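Good morning, colleagues. I should like to take you briefly through the structure now coming up on the screen, beginning with its charged side chains and then turning to helix packing.

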Amino acid sequence: MIFEEALQADPECAIAYWGIAVSPLYNPHCPAPKENLTEGLAALQKARALGAKSQCERVDALLALYSGDETTTFGQRAQAYLKATEAVAARYPDDDEAQIAYTITLNVTASPNDKTMPTSSRALPSWSRSSSDGRATPAWCIT
């Protein structure tokens, strides 16, 4: 796996552990097998032990998805991840990836029963602009 290769090249590369942790989720917006949570959490703990060289290398947002115990539901994990991605998006308003992660998580955690669309109205400001390099805003980010 490429993340292990990155660690071989640079054993202090904390963000490589983020990659190792996100991989067993398959999709962070769907429940992962419980044994995968153990594997991912171990990788994030290694990343934290190394320490972040920059704010961008902190793994706190993904750690929110892994936090809890065996009784923590996927819904609870997703809500924790939503709060964490919201904080990252607020901290980095011009970072397209931060805005995309937050917007997708907003839409994934939205209640299908709430027809007032509060989630879409929260997501829209994040992606109502074109991206910083002039690309058009992906329509799926704001639907």
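Please note that this is a predicted model. A search of the whole structure returns one salt bridge. Its partners are the side chains of Asp60 and Arg48, with an N to O distance of 3.7 Å. The pair joins distant parts of the chain, since Asp60 belongs to helix α4, residues 60-66, and Arg48 to helix α3, with their positions 12 residues apart in numbering. In general, side chains of opposite charge can pair when their charged atoms come close. Are these two residues buried or exposed? Asp60 has 28% relative accessibility and therefore counts as partly exposed. Arg48, at 47%, also counts as partly exposed.

Helix α3, residues 34-50, also packs with helix α2, residues 14-22: their axes come within 8 Å and cross at roughly 170°. Angles over 145 degrees count as roughly antiparallel, and α2 and α3 are therefore roughly antiparallel to each other. On the α2 side the contact includes Tyr17, Trp18 and Ile20, and on the α3 side it includes Leu44, Lys46 and Leu50. By class, this contact has nine nonpolar, one polar and one charged residues.

I turn now to the second helix pair. The axes of helix α5, residues 74-91, and helix α6, residues 96-109, come within 9 Å and cross at roughly 150°. These helices are therefore roughly antiparallel as well, and their crossing is left-handed. Among the residues that meet are Tyr81, Leu82 and Glu86 in α5 and Tyr102, Thr105 and Leu106 in α6. The contact of α5 with α6 divides into nine nonpolar, five polar and one charged residues.

Notes. Residues numbered from 1 in each chain as written. Predicted model: local features only at pLDDT ≥ 70, side-chain atom pairs only at ≥ 80, totals over all residues. Heavy atoms only, no water. Axes fitted to C-alpha atoms, helices over the stretch in contact; angles between N-to-C directions. Helix = DSSP H or I, 4+ residues; strand = E, 2+ residues; numbered from the N terminus. Parallel < 35°, antiparallel > 145°, perpendicular 65-115°, else oblique. Contact = heavy atoms within 4.5 Å. Nonpolar A, V, L, I, M, F, W, Y, C, P; charged D, E, K, R; others polar. Salt bridge = Lys/Arg side-chain N within 4 Å of Asp/Glu carboxyl O. Buried < 20%, exposed > 50% of the residue type's maximum accessible area, 1.4 Å probe, protein only. Left-handed = near helix turned anticlockwise from the far one by under 90°.
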